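Here are my notes on the model. They are set out as numbered points, beginning with a single residue and ending with the chain as a whole.

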Amino acid sequence: MSKLTKNQKMVMAKYDAAKQYKLSEACEVVKDITYTKFDASVELTMNLGVDPRKANQMVRGVVTLPNGTGKQTRVLVLCTADKETEAKEAGADYVGLDEYIEKIKGGWTDVDVIICTPSVMAKVGAIGRILGPRGLMPNPKTGTVTMEIGNAVKEVKAGKIDFKVDKTGIIHAAIGKVSFTAQQICENAQELISAVLKLKPQSLKGTYLKGASICSTMSPGIKLDIKSFSGAE
């Protein structure tokens, strides 16, 4: 059995792997047990008792984190010329249409979010096989297909994220950085938890939220006391 490193020993001394922590406590602990030299991301994981294979049990939504994500979100807006100025003024990193569609066909996907207007969806659909697997395909349900281009860009830049349950019934989402205060991490986590709980499928029988944990990029997961979440049952 390999020996524990100095950092691993410090982590083991600061948290109990078997304990279920209140959210506010866990947000303090995740900062204490992270020893990376870079500003690690903080991630919230929620294990749901849904069957994503059933359309009426798919859990997906968007939420704007009150304290942002802590990272620079690169936004590409695909639109006609009459919307380009609005997109640029709102802070979009890349704005255009045909030239970016050709770049994407050539393998370029160096963005975090793509927003487009409904009128160009036919052209965007042609690159759906590239964008879909990367989670970049614009979708009206997440607010990334809209005529309100300026507002959509500002919301994404301010910390709007979309979340979706994966095929195993789990939601993973980055909710901030270790450099955030514990309160900021907690507020972001509460916002996401509240959004997910509100989306409980009416067809679901049994427990909706089975478990949850919080961790940083290089830290172990800290189990959360889900009984403290209103509406978790």
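1. Start with A18, which sits in the loop between helix 1 (6-14) and helix 2. This is a predicted model, so read every value as computed from it. A18 counts as exposed because its relative accessibility is 63%, above the 50% cut-off. Its partner in space is far off in sequence: A18 and K223 are 205 residues apart along the chain, yet their C-alpha atoms are 7.7 Å apart.

2. Next, the segment after strand 9 (222-223), where I226 lies. D225 is found in the segment after strand 9 too. Are these two buried or exposed? I226 counts as buried, at 15% relative accessibility. D225 is also buried, with a relative accessible area of 15%. The cut-off explains both calls, because buried means under 20%.

3. What does this segment meet? D225 is in contact with Q20, Y21 and K22, leaving aside neighbours within four places in sequence. K22 comes up again with I226: the C-alpha atoms of I226 and K22 are separated by 8.1 Å, although the two are 204 residues apart along the chain.

4. Now helix 2. Its buried residues include L23, A26, C27, V29 and V30. They lie on the same side of helix 2, because they cover an arc of only 165 degrees around the axis. An α-helix has 3.6 residues a turn, so residues three or four places apart point the same way.

5. Helix 2 (23-32) also feeds the largest nonpolar core. That core has 43 residues. L48, I214, I222 and F229 have the most contacts inside it. Strand 1 (41-48), strand 6 (160-164), strand 7 (170-177), helix 8 (182-198) and strand 8 (209-216) are the other elements named as supplying at least two residues each. Helix 8 gives the largest share, nine residues.

6. I214 deserves a closer look. Beyond four places in sequence, I214 touches A26 and C27. It also touches V42, E43, I175 and I185. P220, G221, I222 and L224 complete the list. Note that A26 and C27 are among the buried residues of helix 2, and that I222 is another of the residues with the most contacts inside the core.

7. There is a second, separate core, with 16 residues. V111, C116, V120 and L131 are among them. As background, nonpolar side chains tend to be buried together in soluble globular proteins.

8. Helix 4 (residues 98-105) buries Y100, I101 and I104. These three share one side of helix 4, since their arc around the axis is only 105 degrees. Their cover includes strand 3 (75-78), strand 4 (94-96) and strand 5 (113-116), along with helix 5 (121-125) and helix 6 (128-131). Just after helix 4, G107 has a positive phi of about 110 degrees.

9. Helix 7 (residues 149-158) can be read in a similar order. Its buried residues are I149, G150, A152, V153 and V156. They sit on the same side of helix 7, because their arc is only 165 degrees. Strand 3, helix 3 (84-90), strand 5 and strand 6 are included in what covers them. Here too a glycine follows: G159, just after helix 7, takes a positive phi of about 125 degrees.

10. D166 is in the loop between strand 6 and strand 7. How does D166 count, at 26% relative accessibility? It is partly exposed, because that value falls between the 20% and 50% cut-offs. D166 is in contact with P52 and H172, leaving aside neighbours within four places in sequence. D166 and M58 are 108 residues apart in sequence and 9.0 Å apart C-alpha to C-alpha.

11. Finally, the chain as a whole. The secondary structure comes to eight helices and nine strands. The C-alpha atoms fill a box of roughly 60 × 45 × 35 Å along the principal axes. Of the 233 residues, 45% are buried. Among contacts with a separation of 6 or more, 72% join residues 24 or more positions apart.

12. On the surface, the protein exposes about 12,600 Å², and carbon and sulfur atoms supply 50% of it. The protein has 33 positive and 25 negative charges, and their mean positions are 8 Å apart.

Conventions. Residues numbered from 1 in each chain as written. Predicted model: local features only at pLDDT ≥ 70, side-chain atom pairs only at ≥ 80, totals over all residues. Heavy atoms only, no water. Core = buried A, V, L, I, M, F, W, Y, C linked by side-chain atoms within 4.5 Å. Buried < 20%, exposed > 50% of the residue type's maximum accessible area, 1.4 Å probe, protein only. Helix = DSSP H or I, 4+ residues; strand = E, 2+ residues; numbered from the N terminus. Contact = heavy atoms within 4.5 Å. Areas by Shrake-Rupley, 256 points an atom, 1.4 Å probe, with all protein chains shown as cover. Lys, Arg positive; Asp, Glu negative; His and termini not counted. Charge placed at Lys NZ, Arg CZ, Asp CG, Glu CD. Arc of directions from axis to C-beta.
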